[in-house]
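Me: Could you walk me through this model and the terms behind its description?

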Amino acid sequence: MKISEMKQTLAGLESVNFRLPSGEHLPAHFHVTEVGLVSKHFIDCGGTERKETVANFQLWEAGDYDHRLAPQKFLHILNLSERILGSEDLNIEVEYQQATIGKFGLQFDGTDFVLTPKQTACLAQDACGIPDAQPFALPQLQMACTPGGGCC
């Protein structure tokens, strides 16, 4: 999800809900503690220089069980963050504390913002000698099973 999509979605909501990939909802009293610009400049294992930049949201919860982040307040936070994020329509990455800080993508399902799993990957598989996935056929098993035949 991009910043523009989130702003458009928030404008039409009455409440803000986040859901983990497991289906579990974040507690309603969550906070958005940070909105930041995260840039990564790196070299992959094949020697290619790469750059990635995302808008990063950090979600957090405290013991203030009556806290609720209204969509208008969230929009206000996003508008304030333009000083840091600039005008580029960046993809959003979400951090949420679990056993360690989890990083997630973000989607909207019509009701909730859904934290989506992020995966690591080799960006230079051709340089690492990783073979392409080859489809394979399972051998056809020839089995005749009849009542009383002892195979069922």
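Me: What makes the span of helix α2 close to the expected one?
Reply: Helices here are DSSP runs of H or I with at least four residues, and strands are E runs of at least two, both numbered from the N terminus. Helix α2 covers residues 71–85, which is 15 residues. The expected span is 1.5 Å times one less than the number of residues, so 21 Å is expected and α2 reaches 19 Å from first C-alpha to last.

Me: Where do these values come from?
Reply: This is a predicted model, in which local features need pLDDT of at least 70, side-chain atom pairs count only at pLDDT 80 or more, and totals for chains, interfaces and linings use all residues. Residues are numbered from 1 along each chain as its sequence is written, and side-chain values use heavy atoms, with hydrogens and water left out.

Me: Why are residues of α2 such as Phe74 and Leu78 called buried?
Reply: Buried means under 20% relative accessible area (1.4 Å probe, protein chains only), over 50% being exposed and anything in between partly exposed. The buried residues of α2 are Pro71, Phe74, Leu75, Ile77, Leu78, Ser81 and Leu85, so each of them falls under that 20%. They pack against α1 (3–11), β1 (18–19), β2 (30–43) and β3 (49–61).

Me: What follows α2?
Reply: Glycine 86 does, with a positive phi near 80°.

Me: How many helices and strands does the chain have?
Reply: Three helices and six strands, in the order α-β-β-β-α-β-β-β-α from the N terminus.

Terms used: Contact means heavy atoms within 4.5 Å.
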